[in-house]
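Work through the following exercises with the sequence and the model side by side. Each task is followed by a solution that proceeds step by step.

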Amino acid sequence: MAGYPMDECEGGRPRPWRRRRGERRSGPPGPYALLPWLLLGLGSFSNLFQGEADNPWLGGLGLLAFNSLYVSVVFRGFDRRKRESPVTYGLLAAMAGVTLALAIGYGGSWLLFFPLLSLACGTVLRSRMLGVGLFSLAAVATAVAVWRGQGSSDPWTIGYGTFISGAVTAAILTLAETVTELRATRQELARSAVEKERLRFSRDLHDLLGHTLSVIVVKSEAARRLAPRDMDAALAQVTDIESVGRQALTEIREAVTGYREGSLATELDRARSALTAAGIEPVLRRSGPPLAPQAEALLGWVVREAVTNVVRHSHATTCSFTVAGDADRVRLTVTDDGSGPDAPPVPGIGGTGLTGLTERLAAAGGSLRAGPEPGGGFTVTAELPLGEPGSSGTDGSDGTEPSGRLGADA
């Protein structure tokens, strides 16, 4: 994976990004970027070639061993698993031994192997180990240069070059690793945002279309029943169907763009119309302080889903809505007297609608419970933190509405 920009995580590790043909590569440096520094050893090779070094065969073997160890350590340093393995530290220690032996035995240009060793340390060591290693290596390089008698200033130049080469290498590679991790994190966040948006859209579409189509079916059946007896009443139902369809188009557009914010009062009014058309009497009891816009929107979704289930499955004659709040929380209870299918009263039971609502309310710090009543009927109870009061609350100036029929109060 070395030398390639990373764009996604697989198994917890960044994966190399495959470039398109003709696209310019950008990203952190790879191990090949450190290979040209081996040219610092040309002076030592020249000494061997020109016969200026004692025991040229021994020096040649040392030069070959150093270059091999350098290439191996550098390439392993760009793989996190290999970099932290004992084998890598063993190779680095062997490289340090070869460097020290060559510098003590030959001096001169052979001292330049200390900065190369420091470069290798910069690719492998991190945090405290890096600081201790570089300071120790710089001190040893300076001491060897002084012992070899390389003049008054060269020993300090060797020591400084040894320290700075490893420090700069480690800083650049650490920054490159951080950029790689940030890039992978950014794309992971982008994928997470896409998944959340898909989930939001699927929930909204289910709730919107499920409720709207149920209302259209109920009103169509009412129009069919009324047509033989009262054409004006049947036409009124057809007009309502047209209005519901137009409103559904608007809501779907808002759901697609993510700007839809429901209103509890609006949903209660629509519930009255749907329940009345289905022959179910709606009743509202409401008390408590005004609600925050977020709570209004969430409870509006609960009303919409509950009414859809009542119209579809309950065979009820009455459906009551109770909204009660105090200083901390607000509770919405929707109860019908129908004889729908029995189910255990557990949180978030039901199909996609109630499951999605459970997740919505849980994300806002609330809860949803739904289940049959012992004496018959079905109850949906939603609780939410009250939050800051918004402008859209109850119609009463004191935040309390008397009980009565939904058609009169909503």
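**Exercise 1.** Decide how far residues 1-25 of this predicted model can be read in detail, and then set them against the confidence of the chain.

*Solution.* Begin with the score itself: across residues 1-25 the pLDDT stays under 50, although the model still has 47 contacts beyond four places in sequence for this segment. Next, look for another such segment, which is found at residues 342-350, where pLDDT again stays under 50 and the model has 20 contacts beyond four places in sequence. Where pLDDT is low, the predicted coordinates should not be read in detail. Finally, place both segments in context: the chain averages a pLDDT of 76, and 78% of its residues score at least 70.

**Exercise 2.** Determine which residues of helix 4 are buried, and how they are arranged about its axis.

*Solution.* First establish the geometry: helix 4 comprises residues 86-106, and its 21 residues reach 30 Å from the first C-alpha to the last, close to the 30 Å expected at 1.5 Å a residue. Then list the residues under 20% relative accessible area, which in helix 4 are Thr 88, Leu 92, Met 95, Val 98, Thr 99, Leu 102, Ala 103 and Tyr 106. Seen down the helix axis, these buried residues fall within an arc of 125°, so they line one face of helix 4. Now identify the cover, which includes helix 2 (56-77), helix 3 (80-83), helix 5 (113-124) and helix 6 (127-147). As a last step, inspect the residue just after helix 4, where Gly 107 takes a positive phi of about 65°.

**Exercise 3.** Establish which strands pair with strand 8, and in what sense.

*Solution.* Start from strand 8 itself, residues 378-385, which is mostly covered, with 6 of its 8 residues buried. One partner is strand 5 (residues 329-336), which pairs with strand 8 in the antiparallel sense over 8 bridges; here Asp 336 has Phe 378 of strand 8 as its bridge partner. Another is strand 7 (residues 367-372), also antiparallel to strand 8, over 6 bridges, and Ala 370 stands opposite Val 380 in strand 8. To finish, follow the hairpin of strand 7 and strand 8, which has 5 residues between the strands and in which Gly 376 takes a positive phi near 110°.

**Exercise 4.** Summarise the chain as a whole in terms of its elements, burial and contacts.

*Solution.* Count the elements, which come to 12 helices and 9 strands, and then note that 40% of the 410 residues count as buried. Turning to contacts with a separation of 6 or more, residues 24 or more positions apart account for 69% of them. The surface completes the account: the chain exposes about 21,800 Å², of which carbon and sulfur atoms supply 59%.

Definitions and conventions:
Residues are numbered from 1 along each chain as its sequence is written. This is a predicted model: local features need pLDDT of at least 70, side-chain atom pairs count only at pLDDT 80 or more; totals for chains, interfaces and linings use all residues. Side-chain values use heavy atoms; hydrogens and water are left out. pLDDT is the predictor's confidence in each residue, from 0 to 100. Contact means heavy atoms within 4.5 Å. Helices (H or I, at least four residues) and strands (E, at least two) are DSSP runs, numbered from the N terminus. Buried means under 20% relative accessible area, exposed over 50%, partly exposed in between (1.4 Å probe, protein chains only). Accessible areas come from the Shrake-Rupley method with a 1.4 Å probe; for residues, only the protein chains shown count as cover. Two strands pair if DSSP finds at least two bridges between them. The expected span of a helix is 1.5 Å times one less than its number of residues. The arc is that of the directions from the helix axis to the C-beta atoms.
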